[in-house]
Amino acid sequence: MTDAEMITIPERLHGYPGVAFGGYVAGVLAGWAAAKHVRVDFRRPVPTGLPVRLAATPDGGCALTADEMLLATAVPVDSAGVAAGVPAAPSWAEAEAAAEAYRADPPDGQTDCFGCGLDRTASTGLRQHCGPVPGRALVATAWTPGPELASRGGLLPPELVWGALDCPGNAAGRLLDGRPAGAVTAALSALLVRPVRAGERLVSYAWMLSSAERKYGVGTAVATADGELCATAEALWVLPRTAVHGRS
């Protein structure tokens with residue numbers, strides 16, 4: 001690994017138009033950092049289609065900058081807290097029903113996000129269409145990544161597994177905590193437990209951890225259709241100051 005390199009996030013990997021998909025960016029930083037486990041903190045939106053600089057930091061993490069402006073950092077963390085208290089995964093049938101309910105009545109503010117965009121296919125996005133799971137304080141989706149998303153050997157690249165741990169947190173805030181559209185990922189830390197294979201039936205799900213005026217914390221996870229844990233994460237989401245809190 002060199003001390004620094006220039007990277008460009010393709011436009012197709014956006015969250016909001018012109019803004020790189022946060023989960024993917026976090027996964028790139030996590031893969032580049034020397035530390036085994038990191039928390040990625042976002043300082044500013046990361047642009048798509050423009051070169052940005054990725055550089056190692058003395059603590060074993062890394063920093064992403066554009067014209068000397070800090071965009072995101074990855075800092076070493078203890079992964080024990082990330083893996084603690086993960087609820088059992090919903091069944092495939094429960095997750096599939098939750099996804100269908102979401103697609104039938106999506107919340108306002110839907111975008112063409114690589115992670116959760118409704119117009120994405122299994123080959124062009126992660127399709128994290130998380131709806132509420134009846135009887136449980138969870139949102140979930142059933143999904144199968146297309147072979148076009150796989151790296152050599154048929155595995156989903158780690159940065160896309162990080163990506164699958166991102167959007168479910170937004171859905172938890174909106175559908176379990178009454179948050180309005182427009183929240184962004186402020187921090188994300190993940191633990192990848194086992195490889196994920198393209199074509200494998202998967203369940204992504206999320207739950208609330210904390211709730212404050214403009215911020216909320218969530219846990220997210222990806223499991224197989226049989227309930228085997230593949231990855232889990234904790235994230236902090238932040239609403240812009242101009243957003244109106246949607247709870248009654």
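Here are a few friendly notes on this predicted model, covering its main pocket, one helix, the cysteines and the salt bridges.

1. **The largest pocket.** A good place to start is the largest pocket, which holds about 760 Å³ of space. Its lining consists of 37 residues, and those nearest the centre are Tyr16, Ala183, Val184, Thr185 and Trp237. Sorted by class, the lining has 22 nonpolar residues, nine polar ones and six charged ones.

2. **Which elements line the pocket.** Two helices and two strands are worth colouring here: α1 (22-32), α5 (167-176), β8 (184-192) and β11 (229-238) each contribute at least two residues to the lining of the largest pocket. The most comes from α5, which supplies four residues.

3. **Helix α1.** Do have a look at how α1 sits in the fold. Of its 11 residues, 10 are buried, so the helix is largely enclosed by the rest of the structure. Among the buried residues are Gly22, Gly23 and Gly27, along with Tyr24 and Trp32. As said above, α1 also supplies at least two residues of the lining of the largest pocket.

4. **Cysteines.** How many disulfides does the structure hold? The count is zero. Cys116 may catch your eye, since the closest cysteine sulfur, in Cys167, is 3.7 Å from its own; that is too far for a bond, because a disulfide needs the two sulfur atoms within 2.5 Å. Cys130 is in no disulfide either, and its nearest cysteine sulfur, again that of Cys167, is 8.3 Å away. Cys116 is buried at 16% relative accessibility, and Cys130 is buried at 0%.

5. **A salt bridge within α3.** The model has six salt bridges. One of them joins the side chains of Arg103 and Glu100, with 2.9 Å from N to O. These two residues are three apart in helix α3 (residues 92-104), so about one helical turn separates them. Arg103 is partly exposed, at 27% relative accessibility, and Glu100 is partly exposed too, at 45%.

6. **Salt bridges with buried partners.** Asp112 and Arg120 meet through their side chains at 3.2 Å, N to O. Here Asp112 is partly exposed at 37% relative accessibility, whereas Arg120 is buried at 8%. For the pair Asp177 and Arg179, the closest N and O atoms of the salt bridge are 2.8 Å apart, and both residues are buried.

7. **A small set to view together.** Finally, please display Arg194, Glu200 and Glu228 as a group, as salt bridges link them in a network.

Key
Residues are numbered from 1 along each chain as its sequence is written. This is a predicted model: local features need pLDDT of at least 70, side-chain atom pairs count only at pLDDT 80 or more; totals for chains, interfaces and linings use all residues. Side-chain values use heavy atoms; hydrogens and water are left out. On a 1 Å grid over the protein atoms alone, a cavity is a set of points where a 1.4 Å probe fits but cannot get out, and a pocket is an open set with protein on both sides within 12 Å along at least five of seven lines; lining residues have an atom within 4 Å of a point. Grid points are joined across faces, edges and corners, and a volume is the space filled by probe spheres set on the points. Ala, Val, Leu, Ile, Met, Phe, Trp, Tyr, Cys and Pro count as nonpolar, Asp, Glu, Lys and Arg as charged, and the others, Gly among them, as polar. Buried means under 20% relative accessible area, exposed over 50%, partly exposed in between (1.4 Å probe, protein chains only). A salt bridge is a side-chain nitrogen of Lys or Arg within 4 Å of a carboxyl oxygen of Asp or Glu.
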